[in-house]
Amino acid sequence: MKRKLVIAAVAASVVIGGGTAVAFADDEARTGAAEVRAAGPVAADRAEGSTASSPKATAAEVIAAALRHTPGTAVGADREDDGADAGTWHVDVVQADGVEQTVAVSPDTGKVLGVQRDTDDDADDADDDADEARADLAALKGADVDAREAALAVAAKGAVTDVDLDDDDRATVWSVDTAKAGEWQVDVRTGKVTQELDD
């Protein structure tokens with residue numbers, strides 16, 4: 001009887017909350033209580049740096065959604081400022097073979113809207129793009145902090161609008177822009193967050 005009640009409660013929470021839940025019932029449990037916990041990467045992202053009541057997908061959620069859809073290494077994510085795609089997130093994902101794809105993600109639902117392989121009509125430009133994608137993968141080799149984690153690290157400072165890999169200087173860092181709190185750098189190895197000051 002208790003198991004049926006737990007399953008009914010979990011089903012109701014999924015329907016009402018719109019999320020994913022998993023229930024574990026133990027017939028031999030002394031208390032007779034079942035454990036219910038949220039499952040899935042978006043639930044984890046919400047717990048780690050955003051409010052569950054927020055209707056907009058966070059940068060970390062968007063990057064996670066893009067990588068679930070198109071496995072690889074995220075090397076950048078930004079929100080379009082204008083045009084027909086205004087507000088849409090574009091996540092650049094480099095796959096192991098060096099092919100870079102741009103994954104479009106809804107800012108409202110966090111769902112993937114489409115994927116476009118980055119191609120250039122000019123063979124020289126295409127080679128340059130492939131070289132840059134391989135250089136990004138090489139720069140991130142041995143990194144402990146990925147793009148999603150960098151977005152989470154800066155989320156406490158303000159709403160993240162852009163995450164890019166910056167390996168032009170001595171240290172490889174994630175350059176993270178926020179809507180109102182300026183630009184931040186997150187070291188890919190240590191996770192140290194510092195504010196980027198204007199020169």
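**Exercise 1. Ala74**

Leaving aside its neighbours within four places in sequence, which residues is Ala74 in contact with? Place Ala74 in the predicted model and describe its surroundings.

Solution.
Step 1. Find the element: Ala74 belongs to strand S3.
Step 2. List the contacts. Beyond four places in sequence, Ala74 touches Ile63, Leu67, Val91, Asp92, Val93, Leu140, Ala147 and Trp174.
Step 3. Check the burial. The relative accessible area of Ala74 is 6%, and the cut-off for buried is under 20%, so Ala74 is buried.
Step 4. Look along the chain. Asp146 is 72 residues away from Ala74 in sequence, yet the two C-alpha atoms are separated by 7.6 Å.

**Exercise 2. The sheet**

Give the strand order of the open sheet, and explain which strands stand at the edges.

Solution.
Step 1. The order of the eight strands is S6-S5-S4-S3-S7-S8-S9-S10, and the pairing is antiparallel.
Step 2. Strands S6 (112–117) and S10 (193–195) each have a single partner strand, so one side of each lacks a neighbour in the sheet; these two stand at the edges.
Step 3. From one strand to the next, the twist averages 25°.
Step 4. Add the helix that packs on this sheet. Helix H3 (residues 59–69) touches strand S3 (73–79), strand S4 (89–94), strand S5 (100–105), S6 and strand S7 (160–166). The direction of H3 makes about 50° with that of S4.
Step 5. Check how covered H3 is. Eight of its eleven residues are buried, namely Ala59, Ala60, Glu61, Val62, Ile63, Ala64, Ala65 and Ala66.

**Exercise 3. From S3 to S10**

Follow the pairing from S3 through S7, S8 and S9 to S10, giving the bridge count and one bridge partner for each pair.

Solution.
Step 1. S3 and S7 are joined antiparallel by three bridges; Ala77 has Val163 of S7 as its bridge partner.
Step 2. S7 and strand S8 (residues 173–178) run antiparallel and share six bridges. Here Asp162 is partnered by Asp177 in S8.
Step 3. S8 and S9 are antiparallel with five bridges, and Val173 has Asp187 of S9 as its bridge partner. The hairpin of S8 and S9 has four residues between the strands, and Gly182 in this hairpin takes a positive phi near 85°.
Step 4. Strand S9 (residues 183–187) and S10 are antiparallel with three bridges; Trp184 stands opposite Gln195 in S10. Five residues lie between the strands in the hairpin of S9 and S10, where Gly191 has a positive phi near 80°.
Step 5. Sort the side chains of S9 by face. Trp184 and Val186 point to one face and are buried, whereas Glu183, Gln185 and Asp187 point to the other and are not.

**Exercise 4. Val163 and the core**

Which residues touch the most other members of the largest nonpolar core? Describe the surroundings of Val163.

Solution.
Step 1. The largest nonpolar core has 32 residues; Val91, Val105, Val160, Val163, Trp174, Val176 and Val186 touch the most other members.
Step 2. Consider the strand S7, where six of the seven residues are buried.
Step 3. Leaving aside neighbours within four places in sequence, Val163 is in contact with Val75, Gly76, Ala77, Ala147, Ala151, Trp174, Ser175 and Val176.
Step 4. Turn to helix H5 (residues 147–155). Its buried residues are Ala147, Arg148, Ala150, Ala151, Leu152 and Val154. At the start of H5, a side-chain oxygen of Asp146 comes within 3.2 Å of the backbone nitrogen of Arg148.

**Exercise 5. Ser106**

Is Ser106 buried or exposed? Locate Ser106 and give its polar contact with Asp108.

Solution.
Step 1. Ser106 sits in the loop between S5 and S6.
Step 2. Its relative accessibility is 9%; because buried means under 20%, Ser106 counts as buried.
Step 3. A polar atom of the Ser106 side chain lies 3.2 Å from the backbone nitrogen of Asp108.
Step 4. Beyond four places in sequence, Ser106 is in contact with Ala57, Lys111 and Leu113.

**Exercise 6. Totals for the chain**

State the element counts, the buried share, the exposed area and the share of long-range contacts.

Solution.
Step 1. There are five helices and ten strands in the chain.
Step 2. Of the 199 residues, 32% are buried.
Step 3. The chain exposes about 12,100 Å², with 48% supplied by carbon and sulfur atoms.
Step 4. Take contacts between residues at least 6 apart in sequence: 39% of these join residues at least 24 apart.

Methods: Residues are numbered from 1 along each chain as its sequence is written. This is a predicted model: local features need pLDDT of at least 70, side-chain atom pairs count only at pLDDT 80 or more; totals for chains, interfaces and linings use all residues. Side-chain values use heavy atoms; hydrogens and water are left out. Two strands pair if DSSP finds at least two bridges between them. Axes are lines fitted to C-alpha atoms, for helices over the stretch in contact, and angles run from 0 to 180 degrees between N-to-C directions. Contact means heavy atoms within 4.5 Å. Buried means under 20% relative accessible area, exposed over 50%, partly exposed in between (1.4 Å probe, protein chains only). Accessible areas come from the Shrake-Rupley method with a 1.4 Å probe; for residues, only the protein chains shown count as cover. A nonpolar core is a set of buried Ala, Val, Leu, Ile, Met, Phe, Trp, Tyr and Cys residues joined through side-chain atoms within 4.5 Å. A polar contact is a pair of N or O atoms within 3.5 Å; within protein, one must be able to donate a hydrogen and the other to accept it, and residues adjacent in sequence count only if both atoms are side-chain atoms.
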